[in-house]
Amino acid sequence: MSTIKETMQNIAIQQALNYIEGNPEENIPKLLELADKLLPSDWYGTQRKAIGKAVSEKNNWYQLILKLYELDPGVRKAFVQNFLFNASLKGSAIQYDNAEKHGCNVPWAILLDPTSACNLKCTGCWAAEYGNQLNLSLETMDSIIRQGKELGTYMYIYTGGEPLVRKKDLIKLCEMHPDCSFLSFTNGTLIDEDFCQEMLRVKNFVPAISLEGFAEANDSRRGQGVYEKVTKAMALLKEHKLPFGISTCYTSVNLDDVCSEEYFDLMIDSGALFVWFFHYMPVGNSAAMELLPSPEQREKMYHKIREYRNTKPIFTLDFQNDAEYVGGCIAGGRRYLHINAKGAVEPCVFIHYSNANIHDCSLLDALKSPIFMAYHDNQPFNENMLRPCPMLENPDCIRRMVKETGAVNTDYQDPESAEHLSTKCIPYAENWKATADKLWSCSHCGKCGK
Ligand code: SF4
């Protein structure tokens, strides 16, 4: 029976893959019709409606869809097959079944640090603090991915360190797991002609290049000449019709620049398909608290992102202000987890507390470890999704969870106590509360239709 179901699914996928070639105006409605026939109405219903609207209105989202049609055809097919079908449709169903069966969270994505080494030294980056060069071996990363696929996880995201320091192994993993989507945060400086050719060959690797604003801001944090190298990398990717995105950390210093129309147009002109914004997180004993955005600045970011989402052809996510679209905090395996270069399995890339190391236990055991179960049992951490984080906006939660679970700090050099982390976040959390509550009730009153 399941073989018949699988065969039908494969036929439908092949038909869908045919529809992503040729004329988008004719084929996207056919693709949506196929999705309506095959999927339950509550599966990605909002997204399917939004795509239908984009095609009929020919709005900014339609322009973004057209950009997908400009990509290398093999890479585009791999994106649809691996990201949309394997990771998001088929994978989500398997993750859900396993979460029910095991009584724990099962993630959509696994973040891995292949290495703690980096070829740059950026101010405020956690990787810059890690003098030791630690690495996850190719065998360990392969094992994590194999275990992940058993649980339904087909999306793997590399953080670091600079993941492309290990680019040969990363390409090898793309070959070993051609059914997965791989995305890598990167400073972009190691992307060259050879690497573009490798990406075209394996088809399932997408870079997300870090950019902190315009040339001056970028180079003052990352080092002289880095902006120019990043610009060259983006031009190379665009020339090879390879998909890529940008990741930007916003702080009290660069916020005005990175939410300006000029910055958005620069990213779009460079060929980026998506931008992920990260709120500066004051993690570590020597975190620069003055880089935390003020409530007024964070509110500005909130409004600007929503404005550009309706006008600019780029897929934009602001992880701290967009938690409402994913039901709050996504860490602790609810949507993702993080494994550092030493093998420590952490709930979040910013939360360096753990009870499990992947060298000593299975992925499933790590998902059932005390701090992961504390996330599972306590999410969401706040009904107001503009205050999603157990650290930044609800600092008592991280203090309590770490204490109750006995999780230990996994920082390679200068471990910070949960008490210290929590205490220093309290003024920020209290300061942001009034603005967050105002924005939340405004966005839910429904009177003005915003
Ligand atoms: S722990 Fe905080 S930073 Fe991490 S995913 Fe949850 S809300 Fe985001």
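Is Glu324 buried or partly exposed? In this predicted model, Glu324 comes out as partly exposed, with a relative accessible area of 26%. Its salt-bridge partner is Arg306, and the closest N and O atoms of the two sit 3.2 Å apart. The pair links distant parts of the chain, 18 residues apart: Arg306 belongs to helix α14 (residues 295-309), while Glu324 is in the loop between β7 (315-318) and β8 (336-339). Arg306, for its part, is buried, at 16% relative accessible area. These two don't act as a lone couple, either: a network of salt bridges links Arg306, Arg309, Asp322 and Glu324.

Now for the protein as a whole. It has 18 helices and 12 strands, and its C-alpha atoms fill a box of roughly 55 × 50 × 50 Å along the principal axes. The radius of gyration is 21 Å, which agrees with the value near 22 Å that a compact globule of 450 residues would have. Of those 450 residues, 56% count as buried. Among contacts between residues at least 6 apart in sequence, 72% join residues at least 24 apart. As for the outside, the accessible surface comes to about 19,900 Å², and carbon and sulfur atoms account for 55% of that.

Back to charges. Side chains of opposite charge can pair when their charged atoms come close. The count of salt bridges here comes to 22. One of them joins Glu419 and Arg399, at 2.5 Å from N to O. Glu419 lies in helix α18 (residues 418-445) and Arg399 in helix α17 (residues 395-405), so this bridge ties together parts that are 20 residues apart in sequence. Both ends are partly exposed, with Glu419 at 44% relative accessibility and Arg399 at 21%.

Helix α9 (residues 193-202) has a salt bridge too. Arg201 pairs with Glu198, with 3.0 Å between the closest N and O atoms. The two are three residues apart in α9, which means about one helical turn separates them. Arg201 is partly exposed at 43% relative accessibility, and so is Glu198 at 27%. Other residues of α9 are tucked away: Phe195, Cys196, Met199, Leu200 and Val202 are buried. Their cover includes α5 (73-102), α8 (167-176), β4 (205-210) and α11 (226-239). Right after α9 comes Lys203, with a positive phi near 75 degrees.

Finally, the ligand. Around it are Met281, Cys329, Ala331, Tyr336, Cys348, Phe350, Ile351, Tyr375, Cys389 and Pro390. By class, this shell has 10 nonpolar residues, with no polar and no charged ones.

Terms used. Residues are numbered from 1 along each chain as its sequence is written. This is a predicted model: local features need pLDDT of at least 70, side-chain atom pairs count only at pLDDT 80 or more; totals for chains, interfaces and linings use all residues. Side-chain values use heavy atoms; hydrogens and water are left out. A residue is near a molecule or strand if one of its heavy atoms lies within 4 Å of it. Ala, Val, Leu, Ile, Met, Phe, Trp, Tyr, Cys and Pro count as nonpolar, Asp, Glu, Lys and Arg as charged, and the others, Gly among them, as polar. Helices (H or I, at least four residues) and strands (E, at least two) are DSSP runs, numbered from the N terminus. The radius of gyration is taken over C-alpha atoms; the globule rule is 2.2 Å times the number of residues to the power 0.38. Buried means under 20% relative accessible area, exposed over 50%, partly exposed in between (1.4 Å probe, protein chains only). Contact means heavy atoms within 4.5 Å. Accessible areas come from the Shrake-Rupley method with a 1.4 Å probe; for residues, only the protein chains shown count as cover. A salt bridge is a side-chain nitrogen of Lys or Arg within 4 Å of a carboxyl oxygen of Asp or Glu.
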